[in-house]
Amino acid sequence: MTIQWFPGHMAKARREVTEKLKLIDVVIELLDARVPLASRNPMIDEIVAHKPRLVLLNKSDLADPNVTSKWKAYFESKGAKVLAIDSQTGKGVSGISAACQSLAAPMLEKMKARGMKPRAIRAMILGIPNVGKSTLINRLAVKKIAKTGDRPGITKQQQWIKVGTELELLDTPGILWPKFEDQLIGYRLAATGAIKDELLDFQDIALFVITYLKDEYPSVLKERYKLEELSEQGIDVFDEIGRKRGCLLSGGYVDYDKAAEIILRELRSGTLGRISLETPNSTFSILQ
């Protein structure tokens, strides 16, 4: 299956982001802690390379904490300021304002030296669809300003949001790149819900998840789906999960569509546990 998704409003968003950059002091890049590389749009690197950047590993409550620590160390080794957060519960969010202040300090010092009155830091939040931008903004603003939902592509236009007196945020629509050079990235994004489900083959994505978990988190599959042993073939594990969950059609055949929905829903909700779908080591060749 080839996964591609680049709605028209995203192309427009890229142009608008480029136009607004001259007003921005700090870029906040929001990534999914479960798939930091897959959810890191390389197009953003091209657009905002010259701006101070804060990397936020969101949904860290759903990711493997040991893997998140490795990703944090990786991005820090590249000179980035990094925070692991959970915008749903607010964990780690309180450190965002201070981090932006630190990144903008050189600019503020220049303003002070010129006798200019200090002002609120202007930050732009960027990230792919469904990574949690709107939820984070509402958490920072302590009220519901941005629309939220479990569907990617909720935000369709830019808006400024004040966060106290120290920070002003520019929300932007999520931006995916026009073409996934590595289809593995597409599968990871599809598994975590970053791509509209209507565009996906659930069976194909579920099989990808099962195969990955079989290799990296075998105990999760065994415990959750009451499996004594795991077959070498992912499709056989898929079949057994379907039978264990009673996803059967007439004649005793497995309803793979129904089984796939269960597996993806339980992965995305955290019911399967805290799982990361990529590590710096497993994607080392891509990162270089």
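This is a short talk on the salt bridges, cavities and aromatic pairs of one predicted model.

I will start with the charged pairs. Searching the whole structure gives 11 salt bridges. I will go through some of them.

Take Arg34 and Asp32. These two form a salt bridge, and their closest N and O atoms are 2.7 Å apart. Are the two partners buried or exposed? Arg34 has 4% relative accessibility, so it counts as buried, the limit being under 20%. Asp32 is also at 4% and counts as buried. Please keep both residues in mind, since they come back when I get to the cavities.

Next, Lys214 and Asp215. Their side chains meet in a salt bridge at 3.3 Å, N to O. Here the partners fall into separate classes: Lys214 is buried at 14% relative accessibility, whereas Asp215 is exposed at 51%.

Then there is Arg245 with Glu266. The closest N and O atoms of this salt bridge are 3.1 Å apart. What does the pair tie together? Arg245 lies in the loop between α9, residues 234-244, and α10, residues 256-269, while Glu266 lies in helix α10 itself, so the bridge ties together parts that are 21 residues apart in sequence. Arg245 is partly exposed, with a relative accessible area of 30%. Glu266, on the other hand, counts as buried at 7%.

The last item under this heading is a network. Glu29, Arg40 and Arg53 are linked by salt bridges.

Now to the empty space inside. Rolling a probe the size of a water molecule over the atoms shows where such space is left. In this model the count is two cavities of 30 Å³ or more.

The largest cavity holds about 50 Å³ of space. Which residues lie nearest its centre? They are Asp32, Ile128, Asn130, Thr192 and Ala194, out of a lining of 13 residues. By class, that lining divides into six nonpolar, four polar and three charged residues. So Asp32, the buried partner of Arg34 in the salt bridge, is also part of this lining.

The second largest cavity has about 30 Å³ of space. Its lining is made up of Arg34, Leu62, Thr192, Leu267, Gly273, Ile275 and Leu277. Four of these are nonpolar, two polar and one charged. Arg34, then, lines the second largest cavity, and its salt-bridge partner Asp32 lines the largest. Thr192 appears in the lining of the largest cavity and again in that of the second largest.

Finally, the aromatic rings. The count comes to six aromatic pairs. One of them is Trp71 with Tyr74, an edge-to-face pair at 5.9 Å centre to centre, with 90° between the planes. Where do these two sit? Both are in helix α3, residues 65-77, and because they are three residues apart there, about one helical turn separates them. Trp71 is buried, with a relative accessible area of 0%, and Tyr74 counts as buried at 17%.

Tyr74 also pairs with Phe75, again edge-to-face, at 5.3 Å centre to centre and 70° between the planes. Phe75 counts as buried at 3% relative accessibility. Taken together, the ring pairs link Trp71, Tyr74 and Phe75 into a cluster.

That is the end of the talk.

Key:
Residues are numbered from 1 along each chain as its sequence is written. This is a predicted model: local features need pLDDT of at least 70, side-chain atom pairs count only at pLDDT 80 or more; totals for chains, interfaces and linings use all residues. Side-chain values use heavy atoms; hydrogens and water are left out. A salt bridge is a side-chain nitrogen of Lys or Arg within 4 Å of a carboxyl oxygen of Asp or Glu. Buried means under 20% relative accessible area, exposed over 50%, partly exposed in between (1.4 Å probe, protein chains only). Helices (H or I, at least four residues) and strands (E, at least two) are DSSP runs, numbered from the N terminus. On a 1 Å grid over the protein atoms alone, a cavity is a set of points where a 1.4 Å probe fits but cannot get out, and a pocket is an open set with protein on both sides within 12 Å along at least five of seven lines; lining residues have an atom within 4 Å of a point. Grid points are joined across faces, edges and corners, and a volume is the space filled by probe spheres set on the points. Ala, Val, Leu, Ile, Met, Phe, Trp, Tyr, Cys and Pro count as nonpolar, Asp, Glu, Lys and Arg as charged, and the others, Gly among them, as polar. Rings of Phe, Tyr and Trp (its six-membered ring) pair if their centres lie within 6.5 Å; planes under 30 degrees apart count as stacked, over 60 as edge-to-face and the rest as tilted.
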